[in-house]
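Here are my notes for you, written as numbered points so that you can follow along in the viewer. Take them one at a time and find each residue as you go.

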Amino acid sequence: MVTIDINCDMGESFGNWKMGRDDEVMPYITSANIAGGYHAGDPHVMNDTVALAVERNVGIGIHPGLPDKMGFGRRTMDASPSEIQDYVIYQLGALQAFAEQHGATVQHVKPHGAMYSMLSESNDHARAVMEGILNVNEDLIYLATDMNIYEVAQEYDELRSVFEGYVDLTYRPDRSLIVEQQMEPKDPDLIAQRFLDIALDGEVEAENGEMIDVPAQSICIHGDGPNAVELLETIHEQVNEHDIQLVSLTEIA
């Protein structure tokens with residue numbers, strides 16, 4: 001039986017601003033990447049999202065971003081490796097406290113937006129974050145968004161890492177992603193087929209029609225997509241038909 005994780009970015013609302021459909025999405029995923037209050041989220045949303053994940057037996061992870069709520073953490077900042085490390089540890093610590101309050105633990109780390117891009121482009125920044133994670137808790141799993149970061153993670157024997165793929169975004173032939181300015185509705189059957197291609201064969205169709213290797217053990221669905229719940233429902237139908245088991249990251253890494 002094939003095992004795979006479905007992860008989703010969550011807890012990105014703050015104050016009176018609503019982002020995503022966390023309540024509706026949570027029953028369909030196995031791992032939740034929860035915003036740490038820098039690019040999005042606030043203490044109350046973090047607490048509520050952790051409680052929701054615990055209720056649904058969903059693995060909890062920190063989704064740390066740059067301190068830039070106005071830009072939703074997607075604007076580049078001039079930050080040193082040690083500064084980025086501190087940003088991650090700060091947000092991780094906050095989520096750990098909320099998790100402990102609900103009798104749970106944090107299982108993984110998945111950097112957000114421009115922070116992820118910095119780690120992908122700079123091995124020094126990536127190493128600083130990974131070493132910071134190991135200094136906090138060697139049991140944490142690094143959820144690697146691209147192969148550049150995943151290869152750096154392999155330098156650390158003690159670091160558990162999982163490579164993730166995307167099905168509601170389109171890949172270029174070089175395995176980079178075409179990121180939309182605003183998420184548009186997707187064809188559920190197309191998304192479910194991409195899920196099967198990655199889960200069963202470790203490959204997916206790029207924008208030019210070429211099949212490219214995406215050896216992912218976790219697949220990300222954007223919970224803020226207009227029809228995210230419909231996509232997840234269709235994926236679950238295919239999971240049941242193809243004898244695929246959905247598990248959290250701790251059962252994979």
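1. Let's begin with Gly59. If we set aside the neighbours within four places in sequence, Gly59 is in contact with Thr30, Ser31, Ala32, Gln107 and His108. Please keep in mind as you look that this is a predicted model. Gly59 has its place in strand 3, which covers residues 59-63. Is Gly59 buried or exposed? Its relative accessibility is 12%, and the cut-off for buried is under 20%, so Gly59 counts as buried. You can also try a distance in your viewer: from C-alpha to C-alpha, Gly59 and His222 are 16 Å apart in space, with their positions 163 residues apart in sequence.

2. Next, have a look at Val54, which lies in helix 2 (residues 43-55). Val54 has a relative accessibility of 34% and therefore counts as partly exposed. Which residues does Val54 touch, leaving aside its neighbours within four places in sequence? They are Ile60, His102 and Ala104. For another distance, pick the C-alpha atoms of Val54 and Gly93: they are separated by 18 Å, and the two residues are 39 apart along the chain.

3. Now to strand 5, residues 141-144. In a regular strand, side chains alternate between the two faces of the sheet. Here Ile141 and Leu143 point one way, while Tyr142 and Ala144 point the other way. All four of these residues are buried.

4. Strand 5 has partners that are worth tracing. With strand 4 (residues 106-109), strand 5 pairs in the parallel sense over 2 bridges. One bridge joins His108 to Ile141 of strand 5. You met His108 in the first point, among the contacts of Gly59. With strand 6 (residues 160-166), strand 5 also pairs in the parallel sense, over 4 bridges. Two bridge partners to find in strand 6 are Arg160, for Ile141, and Ser161, for Tyr142. How many of the 7 residues of strand 6 are buried? The number is 6, and strand 6 is mostly covered.

5. Helix 4 (residues 113-121) brings us back to strand 5. The buried residues in helix 4 are Ala114, Met115, Met118, Leu119 and Ser120. What covers these buried residues? The cover includes helix 3 (81-101), helix 5 (123-136), strand 5 and helix 6 (147-153).

6. Two of those covering elements also pack against each other. When two helices pack, the angle between their axes and the distance between the axes describe the arrangement. For helix 3 and helix 5, the angle is about 35° and the axes are 8 Å apart. Their crossing is right-handed. On the helix 3 side, the contact is made by Pro81, Ile84, Gln85, Val88, Ile89, Leu92 and Gln96. Helix 5 contributes Asp124, His125, Ala128, Val129, Glu131, Gly132 and Val136. Sorted by class, this contact of helix 3 with helix 5 has 8 nonpolar, 4 polar and 2 charged residues.

7. Compare that with another pair of helices. The axes of helix 7 (residues 188-201) and helix 8 (residues 228-241) come within 9 Å and cross at roughly 50°. Helix 7 and helix 8 are therefore oblique to each other. Helix 7 passes helix 8 in a right-handed crossing. From helix 7, Pro188, Asp189, Ile191, Ala192, Phe195 and Leu196 meet Glu230, Leu231, Thr234, Ile235, Gln238 and Val239 in helix 8. By class, this contact has 8 nonpolar, 2 polar and 2 charged residues.

8. Finally, please check two backbone angles. Most residues other than glycine have a negative phi. Arg175 is not a glycine, yet it has a positive phi of about 75°. You will find Arg175 in the loop between strand 7 (170-171) and strand 8 (177-178). With a relative accessible area of 31%, Arg175 is partly exposed. Asp243 also has a positive phi, near 60°, and it too is a residue other than glycine. Its place is the loop between helix 8 and strand 12 (244-246). Asp243 has a relative accessible area of 47% and is therefore partly exposed.

Definitions and conventions:
Residues are numbered from 1 along each chain as its sequence is written. This is a predicted model: local features need pLDDT of at least 70, side-chain atom pairs count only at pLDDT 80 or more; totals for chains, interfaces and linings use all residues. Side-chain values use heavy atoms; hydrogens and water are left out. Axes are lines fitted to C-alpha atoms, for helices over the stretch in contact, and angles run from 0 to 180 degrees between N-to-C directions. Angles under 35 degrees count as roughly parallel, over 145 as roughly antiparallel, 65 to 115 as roughly perpendicular and the rest as oblique. A crossing is left-handed if the near helix is turned anticlockwise from the far one by less than a right angle, and right-handed if clockwise. Contact means heavy atoms within 4.5 Å. Ala, Val, Leu, Ile, Met, Phe, Trp, Tyr, Cys and Pro count as nonpolar, Asp, Glu, Lys and Arg as charged, and the others, Gly among them, as polar. Buried means under 20% relative accessible area, exposed over 50%, partly exposed in between (1.4 Å probe, protein chains only). Two strands pair if DSSP finds at least two bridges between them.
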